[in-house]
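The following exercises are to be worked with the coordinates at hand. Each task is followed by a solution in steps.

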Amino acid sequence: MAKHAPDLFAAIHVGSEMVGVQIVEYRSLDDFRILDQAWRQVMLGEETFKTGRISFGAITHICELLKGYRRLLSEYGVRDYRLVATTAIREAQNQAYIIDQIRVKTGFSVDVVDMPQEIFYKYLALFLSVHRHGLTARKGGLLFVDISSGGLGITLYKEGVLTYQQNIHIGALRIKESFDKKQRDSAYFLQALSEYIYSTIEPVEHEMRKHKNMYLVLSGTETRLLLKMLGREEPNGELSFVSLEEFTAIYEQVMTLTLGQLTKRFGFTEQKAEMVLPTIVLYQHILSLAQFQEIVIPADQFIDGIRVLHIMERAKDERRELIEEQIVSLAHTIGRKYQYDEVHAADVTRWALLIFDRMGRVHGLGKRERRLLRVAAILHDIGKFISLRRHYFYSYRLILSSDILGFSEKEKWVMANVAHYHDKGTPKETEHNFTALSLKEQVLVSKLAAIIRLADALDCSRGQKISHADVNFRGDEMQVTVIAQQDISLEEWTFAARSQFFEDVFGIKAILKRNAG
Amino acid sequence: MKPMDKQLDRPEHFFNRELSWLKFNKRVLGEADVTINPLLERLKFLAITASNLDEFFMIRVAGLKHLLEGGVPKTDAAGLSVQEQLQRISNDNHELVRQQYRSLRGILQELEKNHITFCDVEELGPESRKWVQEYFFRTIFPVVTPMAVNASHPFPFLANRSLNLVVTLVREKGESVTAVIQVPAVLSRIVEVPYNDDVRQFVFLEDIIRYYCSHFFHGYAVKEVAYFRITRNADLFIDEEDAEDLLAEVEKSLRQRRRGQAVRLEFGKHGSKILREFIINSLRNEEDSIGDGDIDNDIYEINGPIDCTCFFKFADTAGFETLRHSPTYPQLPMELVGKDDLFDAIRERDIMLHHPYESFEPVVRFIRQAAEDPNVLAIKQTLYRVGGNSPIVKALALAAENGKQVTVLVELKARFDEENNILWARQLEEAGCHVIYGLVGLKTHAKMALVVRKETDGIKRYVHMATGNYNNSTAKIYTDLGLFTANDQFGADASAFFNVLSGYSDPPELRKLVMAPLGLREKIMELIDREIEFASMGRGGRIIAKMNSLVDRQCVTKLYEASQKGVKVDLIVRGICSLRPGVRGISENISVRSIVGRFLEHSRSFYFLNGGEEKVYLSSADWMPRNLNERVELLFPLEDPQHIARVKELFDLQLQDNQKAYVMRSDGTYRRADRRGQAVHCQHALYQQAQAAAKGQEISIKQRLQPMYRKEE
């Protein structure tokens, strides 16, 4: 069979230190070819971190570059693209104007991703790389540490499950910018830098102590500095391995070198050389968090993550499920942290997804929304950890303040609100948490909350009395037929009470019917 | 990179580049004396030396004089101060000019035997003189403006390279005046005078003006007339850092070029000392003149017509075919015989072209076919010197009109082609091409064209790279190698290369190509080092390198090191060579030869034995500091074993040539290669080879029926 022509896609990244484009043709996640890539170093991050804004001069420069990329896209006939902006634009107070300028001047629309998403994009690419090389099958687990210019993401993977995920506002560039030139020149700088870094990542230590023999998967532009100091070639689609001994040797060297010596010995520009010290000290602290076997440095960058995510969404791939399960596993990790009722959470998830899946055309929602429902179902009760009174409110607060890999800030708002309305009360226009959402999101919250309420009702006794359920539609009626051996009066009453909101949202009457099993 | 070996980097191991260049020009002049060359071809070589010298003065000598003026105490690799260099240039060039005019007189005598004569107006018969007189009044008189020089009329600013007459006039009262007449450049310098016999006779324009010049000055008597020509500094000074619009900036400085400092004066031999002093003094008083005495070194007394470049045009005069080479016809490239579709052929295998033996037409077709192919999405190309009325420029414009994305890098700073290039740049922009001017402070000298095509199994890139320009006129006289490839490793590199030139990207790591100024010299060093390593292991080291000029000190020093370690190095360097070959303990394993023939040797190609895994590279770059530091250049490997073999054969021929080759001796002089034994004329042989190959299959059957004779080179 003649293969159809591959699809084309362009990933564009406006980062803090780099603006780049990657043009790719693909048939699947593995069958792809990078046709062209280009990148320029920029200094957006420094500007944002210092002044909180990006100047129009800098934006004009970026737009010129993006216009060039636009031309590049048409040279390959690429129509599908995704332009993602990270830290520098995310944190700029004049973000809205910048995005508008880019749209007006270049015709590109910009996606500004938040930190968890940024970490997730990269995690996707990194995970697939180490997975391809069989590292995920090894014992000991993998600690993914991604250091971007503005953030540090720590993700622990062990046997198919994410057991820890934390994002910290500390990046190599941010560290550098936290100290002014005079401070950096001070004789006590190293000590101060070390303490500063330690204070920021110290809370992670407690969790890390539990693990042994992990691989440290390091990513971020600064990993290239490390490789260069080791005299390694630019990573080229492969993994680079660095032993702990090699790292220690470099660390000890760097501690004794001045900036000038660094530039001379390793051929760094002064700008790069200034990043070396904070980077190496940060790495050293991370290495002292736990016991590691080896350092792994994949070649993948953020821009590869944009590509992976796009292809994954377009081309069917079983690894998508793999990632989905990891995200869910992370939700359970968070649940455990707040001592949730695991069996109840599982039950509610089961019934919620059953109803969601059967409703199909009635709710008009897709896979992403299903995932929101799923994670909200897992976490809907975690507020009980704080207080049994108004626990739904604390669930809402806890979800909002948790890092949940794979979801954007907006999506987290949706899930938190779904949890908020899983029990009592209905979304009201007077409630700030609800009105902060867009109209579209408000509707989404109501839909998912209506479903989760019924699902929660089916196990409101926390007894898992219902062993089986089925959902059928008849006209304006949704009949939930359940099999239970014990008495389910409490469930029936609760279900009936909660079906009103469901009807308000969907215009469908939900009826619970019991078949004795 | 290791520092240069101090022992090897010593003045006595280097030749001065300017003096070496003069020697090259002398070799070119040598071709004017080769009696088996057709007469007008000899005259053409003479014209080439003259035009070469003009450029040499406008750029190199002017540069040195500028340095001297600035008082920069700089010595060259050979340890010569600027002053010393200028002095020696002057000495050598005086000798060269004498030789030039000796040759000219010889050729003119020969021409006379062939019934072609140059005469003064006085020598003409009455009929002819009548014709000349009419020509003077009708054609010359209206376009000439004599300029008097006196207190109210200062000495006029005479354009660079213009030929002038200086005239002394006297009134009856005895008072004398001086005037200057510029010989109009719009008229043909050599005027054919009708004559009734078989003889064709020619008169120089300036001689007609001289003869009738009293007609310009009524009331004065002409006392004396002399010819002179001024050469000026013509290097452009462009402030790129601050230039908002490079195009405008180059245009502006072009206007200034005509007004550079005078660096050379050619003065007709018959002029009096007084007139000569008058001109010299006038030049010294010019506004930007270089300090006193500096033109003194470069005052040349010319015994014959000043400015021999006029013979270029003359040599092409109709009716003299027998006195020229029979024309050569570039052949269908052997690797394209029997191929209809260029893209198909390239996809099948890499294709190498060797110009001018093989036609440049496929390169034009490459762009034209791309312009018309509906599947082609984009074309990107560098243009350095495109020549007049370029079919490539037309094809690019057509492509843009056909909706292709066309990006063209026009190098505005290509010396003496700036005006031409501004014109193309504008035309291309109007056609809708994206025209870029390259990187600030670097001239883009690399030659590359990239075609992006959408095919059924995805995007496919086709690349052409070469050692010579995309110029269909020079491709007929310059020897150059070019390569077509569809290998995507080259394709990806080509894209990356253009991304850097367009400012889209910081320089990436390239897979196959090496780009100057980012590591080309380092790559050369690495390749030579590898030979040194192999030689040291006893596995033999061998380098053959062909280029136009070898000046880079690091490269030369590295070659000495290679020689010392037993690497055998053969250099085929057409022009400047600052390496001293055959010095015991330093360079005894290095030979240098220079081929100067009908075609200008222009290809840069490099062979490395590499322990048996032979490597051949082609490049746009000479081994000169300016190429390796200040230009965007490319070096690329040949990967098809057949191509490697082909270039090796080429090297063999060039190293065996004993007809057009000169061998450099360790004192820096050149001698013709030993002609004993079988005659090998590489350019001739290659042309014949190309003709045979192009005739293709059916002839080869016929050839099989022919008895075999000993192959004649």
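The model is predicted.

**Exercise 1. Determine which residue follows helix 12 of chain B and the sign of its phi.**

Solution. The residue after helix 12 of chain B is Gly432(B). Its phi is positive, near 105°.

**Exercise 2. Compare the span of helix 12 of chain B with the span expected at 1.5 Å a residue.**

Solution. Begin with the boundaries: helix 12 of chain B covers residues 418–431, which gives 14 residues. The rule takes 1.5 Å times one less than the number of residues. The expected span is therefore 20 Å, and the end C-alpha atoms are 20 Å apart, in agreement with the rule.

**Exercise 3. Establish which residues of helix 12 of chain B are buried and how they are arranged around the axis.**

Solution. A residue is counted as buried if 20 or more other C-beta atoms lie within 10 Å of its own. Asn421(B), Trp424(B), Ala425(B) and Leu428(B) are buried in this helix. They cover an arc of only 105° around the axis and therefore lie on the same side of helix 12 of chain B. On the other side, Glu419(B) and Glu430(B) are exposed.

**Exercise 4. Carry out the length check on helix 16 of chain A, then identify what its buried residues pack against.**

Solution. Helix 16 of chain A comprises 13 residues, 367–379. From first to last C-alpha the helix reaches 19 Å, close to the expected 18 Å. Next, list the buried residues: Leu372(A), Leu373(A), Arg374(A), Val375(A), Ala376(A), Ala377(A), Ile378(A) and Leu379(A). Their packing partners in chain A are helix 14 (319–337), helix 15 (342–359), helix 17 (391–401), helix 18 (409–420) and helix 20 (439–457).

**Exercise 5. Trace the pairing of strand 4 of chain A with strand 1 and strand 5 of chain A.**

Solution. Strand 4 (residues 81–85) runs parallel to strand 1 (residues 7–14), and five bridges join the two. In this pairing, His13(A) has Val84(A) as its bridge partner. Strand 4 also pairs in the parallel sense with strand 5 (residues 110–112), over three bridges. Here Leu83(A) is partnered by Val110(A).

**Exercise 6. Assess the overall form of chain B against the rule for a compact globule.**

Solution. For 713 residues, the rule gives a radius of gyration near 27 Å; chain B has 27 Å, so the two agree. The C-alpha trace spans about 90 × 65 × 60 Å along its principal axes. Of the residues of chain B, 45% count as buried. Finally, the chain contains 18 helices and 27 strands.

Conventions: Residues numbered from 1 in each chain as written. Chains lettered and ligands numbered in written order. Predicted model: local features only at pLDDT ≥ 70, side-chain atom pairs only at ≥ 80, totals over all residues. Helix = DSSP H or I, 4+ residues; strand = E, 2+ residues; numbered from the N terminus. Rg over C-alpha atoms; globule rule 2.2 N^0.38 Å. Buried ≥ 20, exposed ≤ 12 C-beta atoms within 10 Å, placed from the backbone. Pairing = 2+ DSSP bridges. Arc of directions from axis to C-beta. Contact = placed C-beta atoms within 7 Å.
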